[in-house]
Amino acid sequence: MLRSLCVPPWMAKSRTETPPTGAAAASEVWRVAELTGLSQTKLQTGEAVRIVLSTTGGVPASNHEEVLGPTGFHERSLENSYGAHPNTLQILFLKHRVRVEAMELRAKVADITAHMSNQWTFKHGKEIINMYFNFTRTAYSTGRLETAGLEHTPFVDEVLWTFPRDFCLEHIVLHGQVMPK
């Protein structure tokens, strides 16, 4: 069953709300939470997703799933062990398949200058695209970044970011479509 998404997580008051239609864009993670009946901040605990980092610093691994929550972290971040290069961040969808059509990344303001890559690759199945955003202390969130060329690709159960240097992410929002496995 294919489901289109249309509610950003910050607009959702509860998982049981009916998503609005039209131009509003939704988070794939919000939809996975709705389909599984889990809290959006507990998708890894509930075995709906698995988040894997090549190296880890910042918050403990048991808290990594919070980066996908409606608001993400505040003054904490999902990050690599600074100095290790390159770095990867992988999200495995254990019960669903997704097609990512856009993403939003929010970096930790205090660490942006020294520890946030401005470029990365995003792997969606067999497709890899180069992405760029000039993170600064005043521009710490990408807003909606389209994943050009992925709108007609097959659904996948794994997405992967590769950062050539460090990363420090407070929030990840994925936009697109979700379907059960």
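**View 1. Arg76 and its salt-bridge partner.** With 35% relative accessibility, Arg76 counts as partly exposed (buried is under 20% relative accessible area, exposed is over 50%, and partly exposed is in between, using a 1.4 Å probe and protein chains only). Before you zoom in further: this is a predicted model, where local features need pLDDT of at least 70 and side-chain atom pairs count only at pLDDT 80 or more, while totals for chains, interfaces and linings use all residues. Residues are numbered from 1 along each chain as its sequence is written, and side-chain values use heavy atoms, with hydrogens and water left out. Arg76 forms a salt bridge with Glu66, and their closest N and O atoms are 2.9 Å apart (a salt bridge is a side-chain nitrogen of Lys or Arg within 4 Å of a carboxyl oxygen of Asp or Glu). Glu66 and Arg76 both lie in the loop between β3 (57–58) and β4 (78–79), so the pair ties together parts that are 10 residues apart in sequence. Strands here are DSSP runs of E with at least two residues, helices are runs of H or I with at least four, and numbering starts at the N terminus.

**View 2. Two further salt bridges.** The whole structure has seven salt bridges. One of them joins Glu170 to Arg106, with the closest N and O atoms 3.0 Å apart. Glu170 sits in strand β11 (residues 168–180) and Arg106 in strand β6 (residues 96–107), so this pair ties together parts that are 64 residues apart in sequence. Both Glu170 and Arg106 are buried. Swing over to Asp157 and Lys181, whose side chains also meet in a salt bridge (3.2 Å, N to O). Asp157 is in the loop between β9 (145–146) and β10, and Lys181 is in the segment after β11, so the pair ties together parts that are 24 residues apart in sequence. Asp157 counts as partly exposed at 27% relative accessibility, whereas Lys181 counts as exposed at 53%.

**View 3. Ser117 and its polar contacts.** Ser117 lies in the loop between α2 (112–115) and β7. It counts as buried because its relative accessibility is 6%. The Ser117 side chain reaches the backbone nitrogen of Arg165 at 3.2 Å and the backbone oxygen of Asp166 at 2.9 Å. Both are polar contacts: a pair of N or O atoms within 3.5 Å, where within protein one must be able to donate a hydrogen and the other to accept it, and residues adjacent in sequence count only if both atoms are side-chain atoms. Setting aside neighbours within four places in sequence, Ser117 is in contact with Phe135, Phe163, Pro164, Arg165 and Asp166 (contact means heavy atoms within 4.5 Å).

**View 4. The five-stranded sheet and its edge strand β2.** This open sheet runs in the order β2-β5-β10-β7-β8, with antiparallel pairing (two strands pair if DSSP finds at least two bridges between them). Its edge strands are β2 (49–53) and β8 (127–132), each pairing on one side only. At the β2 edge, five bridges join β2 to the antiparallel strand β5 (residues 87–93), and Val49 stands opposite Phe93 in β5. In a regular strand, side chains alternate between the two faces of the sheet. On β2, Val49, Ile51 and Leu53 point to one face and are buried, while Arg50 and Val52 point to the other and are not.

**View 5. Strand β7 and its two neighbours.** On one side, β7 (residues 119–124) pairs with β10 (residues 158–163) in the antiparallel sense over four bridges. Phe122 has Trp161 of β10 as its bridge partner, and Thr121 stands opposite Thr162 in β10. β7 also pairs with β8, again antiparallel, over six bridges, and there His124 has Glu127 as its bridge partner. β7 and β8 form a hairpin with two residues between them, and Gly125 in the turn has a positive phi of about 65°. The covered face of β7 carries Trp120, Phe122 and His124, and the uncovered one carries Gln119, Thr121 and Lys123.

**View 6. The chain overall and its N-terminal stretch.** The protein has two helices and 11 strands, and buried residues make up 49% of its 181 residues. Its mean pLDDT is 83, with 86% of residues reaching 70 or more (pLDDT is the predictor's confidence in each residue, from 0 to 100). Over residues 1–25 the pLDDT is below 50, although this stretch has 59 contacts in the model beyond near neighbours in sequence. Where pLDDT is low, the predicted coordinates should not be read in detail.
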